[in-house]
Amino acid sequence: MQDPAQREAWHGAFSRALTFAGEQARQPGVQVHVTHHATVRDYTTHTQTVSVHVPKGLTGQPARLLDTLKGEFARLGALTPLDPDPIPKVAKPGTSWVALEDGRYASTARITAWPNEAEGDLMSRLLLGQDTDRSFAVLYRPLPAVQSRRSAKWQSAASEVFTTDKIKAEAQSLASTATHGALVQGATLVDLDAYLTVWGDSPEAVTDARWQASLTGDRHRIQLDWLPGQQHRAHVMTTPHGAATQKGAIL
Amino acid sequence: VIRLPSNHAAITAPLVASSVRFPGIPIGRSLLDGRLFSLSPVQTDSALLPSTNSLALGGLGSGKSTTAKTRIRREIADHGHQAVVIDSFGEDQTGEWAALTRSLHGRVIEAGSFTLNPCSNLLPPEVREQLVRSLIASVEPGALTPQSTHALQHALTHPKATSLNAVMDALVRPEDGRWPAAKLARWGEGVAIALSRYTEGSLSGLFDGRDARLPETDLPILSFDFSRLDRNSPAIPSLMAAVSCWAEQVWLPQSAAVHRHLILEEAWQILLSPATAELIQRLLKNSRKASLSLDVVMHTLSDLGTGKAQDLAKLCEIAHVGRLGPEEAAAVGTLLGLPAWAIERIPGLDPGQAVWKVGPHYVDIVQTLLTEAEARLTDTSTRRRRAQQLLAAAPDTIEDPAPQEKDQDDAEHDDPPAKHVPDTIEPALPDGAGLEAENRYRELPPGLTDTRHRDALQAAREGRCSEAADLAALGERQDITAYGINSDQAVSWLATRAKIAETSGSLGQAKQLRATVARLGKGIDWLEQPDNVRTEPERRSDPEPATHKAPADIEPVNKKRRTWPYTATIAALTIAVAGVWQNSADDEEKQEKSDRAAPSHKGISAALLNIDGVATKVQAKWSRDGTHVILSVKVAPEEKPRFVRIDAGGQNAQDEPSPLKERQIAMPIHLEVKVPIKGHHQAVQMTIVVGGPQRKKSTRAPGRTIEFRPDRTVVDAKTGKSLKDY
């Protein structure tokens, strides 16, 4: 991940794997859920998972699809099968955190904006070399090729028609040109939802961790939308159990 | 929901930590992802790491040698590896590795306080020649022409060439060989001049001793401390040559550890000399076969010039680079093939941090983590620390995982040396570390405790006779492989087998085995000890009468060598005390005997001895005026001896009959020496060494020390038993 050339090659491979996953079904719906959990003690333990969720009725042979995608992701690195821990039950929901049965406190945010000018090492700077426990997850829903072309077409048409701001229209046309180029080269469009959970042993600790995470987000130009109150199952999104419904919403 | 093309979405994949993990000892924490970094090169898959040599680079205070020391300490403690350190750096006149070596019960050998005999009989002839040649090459690289090499070879085969001075004599006044003596003398001039640096020049006192002792090969760690010598001393290449020769020819074949490390601390001065660089290069290339890792610690590769540095870097698959200046970092990075992002980090590393490169692809930045005990043992800049005491930042330590280890370490440091039980043996080399280690062998690293003898005997006592015999046979085979068939270890197995045979009821076999032990001339006195006191030979000294000084380069076989530094963990103190008591008893006995011997004076004594299958007649004749004794030995030609030598009172005589040609008649061997004495009643000791018809050149001939008394009795000086007259 530190070496730019190798990192770029790996990202290319991951992109191809997502495209391949999107093309496995005629309808959109295959979900790839990638999580990263850092347990910081004397040494840091990283748990990284990739799980693929195929909604019921999407394809006649879901097992075949899963095995195909398993082979595809195995080319990205060494995969070991993992039985995830059961989802910790919520003991007490608070206003800005939830207390879990195992004594931990969690607070989860959805990532609503990514930096415009992101270098390839965004994730390694964000996730490595930290000093508290943290979970991070991204849910990818790749679109099939036909649908992604249609989506790109409507997006560019809409931005041409409805944007009156010349500068903004120009920027959007540049973006759609880039998307067009990527689609021509065989990429597909991917819907992504990203979540970040911070952990603590007490309400104070988790509030402090949340504050630190906000600062980190600002530094990396990531916008965080903290999920309070009612959405007390939000931390599940950052566990391997994350993807549940057809639209990826488990809240 | 954010909708992005998949190539843009890919950079959000949170799969950032590498899964590569090496087996072995923990080293520290990765600064990139905080993971534990552990590495034992020898346990790593050989496809990933074909060679296990490592290279440590870094500026002053970058923590490179602390990391090297910690690695070795953990390898020895966790996996029972062995290490030999060539330590040429330190402060306060002690080597950097001394504290660590002592804490691991190793031995520190200081340059200048020991002399080595490169022509000693302990070394096989080819090693002797190699060693003398490398000594010459390190002072006069041009002296070794084909002619001078032949002259040297000729001189080394001279029977009297048992020390460097004698080799010089044989070079200057050669005997006729294949070429006439005059020619040989002319050829040998160059090498003789080169060798004179060691006998009378600036390097005298290092190699010209007659003393022939070699360091033990079964210590967990052995440190050759060159720190007292000047950085640029010409002695360093020579000493290096001797040490690497010893390591290659003696240590590697004899040590029984699973893996060995040779550490070169501040290696640039060693690698700069062409003679030693060649030796190191050879060791590096053969390291895989010999299960040896070379761990080279140095400042930077640019000290070495270009060609050699590249060779070294290519042969070291593992490199860790501590803080260096930007230019040096760039040069080192290019040589080692480090990626640009790692090279950029090198100038900004803190002490203890290093860029690690393992194998061709894996690169990590690692902070070495030390326990408290390790931090104390590896601290080399105590002076500086004292000066900075108030300002010094707390060292990066983690809690010591093994509290009992810490306690022991504390105890070691608090114990005054005088508290140790006086040991009766004189140290093989003048350093007390080994003795201290002896008294503390309770906390041995695993794998070095030897309970095999006890286990076998225990099995026999419990009636599991065939299992006991199997155990003994297995142990014997291991020790023969490790130490050789004539070693004390191998013989001690014969004794154990005898005891097992006795316990199992086959008395005939026991008798036969005991006879074999007796015939080999090894010490059998410990055989007579009751089982519960000791079951293995302990090292123990025998007091020697003042008149006799055994020649050091021929080792009488029944002299106890220090071969079992780590014996079973049965009460060490009891044995040491018993040894002292026993020695004093021996002294008294001896005194009584000489008192008794005084009145009856016959003026002659003789005995018939059988050494190595050769019957020899020895005789001593006292002169009438009581000023001297003539000691003689006769061997009949039918006995076909290969080699006979006697030593007494500092004088010696020897004969090595050449193979008979046709129509030549074998002549009896008759050797005599005249030894001055102080009166009619003085007893005289003589050492006789005989090589039998089966003796090979490379093996040491067995010998015995006997004592002639003027009352017509001859006794064995070791056992005190009287010998048969003829």
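Colleague: How many Å apart are the end C-alpha atoms of helix α6 (residues 203-219) of chain A?
Modeller: This is a predicted model, in which local features need pLDDT of at least 70, side-chain atom pairs count only at pLDDT 80 or more, and totals for chains, interfaces and linings use all residues. Residues are numbered from 1 along each chain as its sequence is written, chains are lettered from A and ligands numbered from 1 in the order in which they are written, and side-chain values use heavy atoms, without hydrogens and water. Helices (DSSP runs of H or I, at least four residues) and strands (runs of E, at least two) are numbered from the N terminus. With 17 residues at 1.5 Å a residue, α6(A) should span 24 Å (1.5 Å times one less than the number of residues), which agrees with the separation of its end C-alpha atoms, 25 Å.

Colleague: Within what arc do the buried residues of α6(A) fall, seen down its axis?
Modeller: V206(A), A209(A), A213(A), T216(A) and G217(A) are buried (under 20% relative accessible area; exposed is over 50%, partly exposed in between, with a 1.4 Å probe and protein chains only). They line one face of the helix, because the arc, taken from the directions from the helix axis to the C-beta atoms, is 100°.

Colleague: Which residues of α6(A) are exposed on the other side?
Modeller: The buried residues pack against β5, α3, β6, β7 and β8 of chain A, contact meaning heavy atoms within 4.5 Å. On the other side of the helix, the exposed residues are E204(A), W211(A), D218(A) and R219(A).

Colleague: Which strands stand at the edges of the sheet β17-β16-β19-β20-β21 of chain B, and why is one side of each without a neighbour?
Modeller: The 5 strands form an open antiparallel sheet, where two strands pair if DSSP finds at least two bridges between them. Neighbouring strands are turned by 20° against each other on average, direction ignored, with axes fitted to C-alpha atoms (for helices over the stretch in contact) and angles from 0 to 180 degrees between N-to-C directions. Each edge strand has a single partner strand, so one side is left without a neighbour in the sheet, and these strands are β17 (651-655) and β21 (713-716) of chain B.

Colleague: Which residue of β17(B) stands opposite D647(B)?
Modeller: Strand β16 (residues 643-648) of chain B is joined to β17(B) by 5 bridges, and the two run antiparallel. Opposite D647(B) stands N652(B).

Colleague: Which are the edge strands of the open sheet of 11 strands in chain B?
Modeller: This sheet has mixed pairing and the order β3-β2-β12-β11-β10-β4-β9-β8-β5-β7-β6. Those that pair on one side only are β3 (36-38) and β6 (107-110) of chain B.
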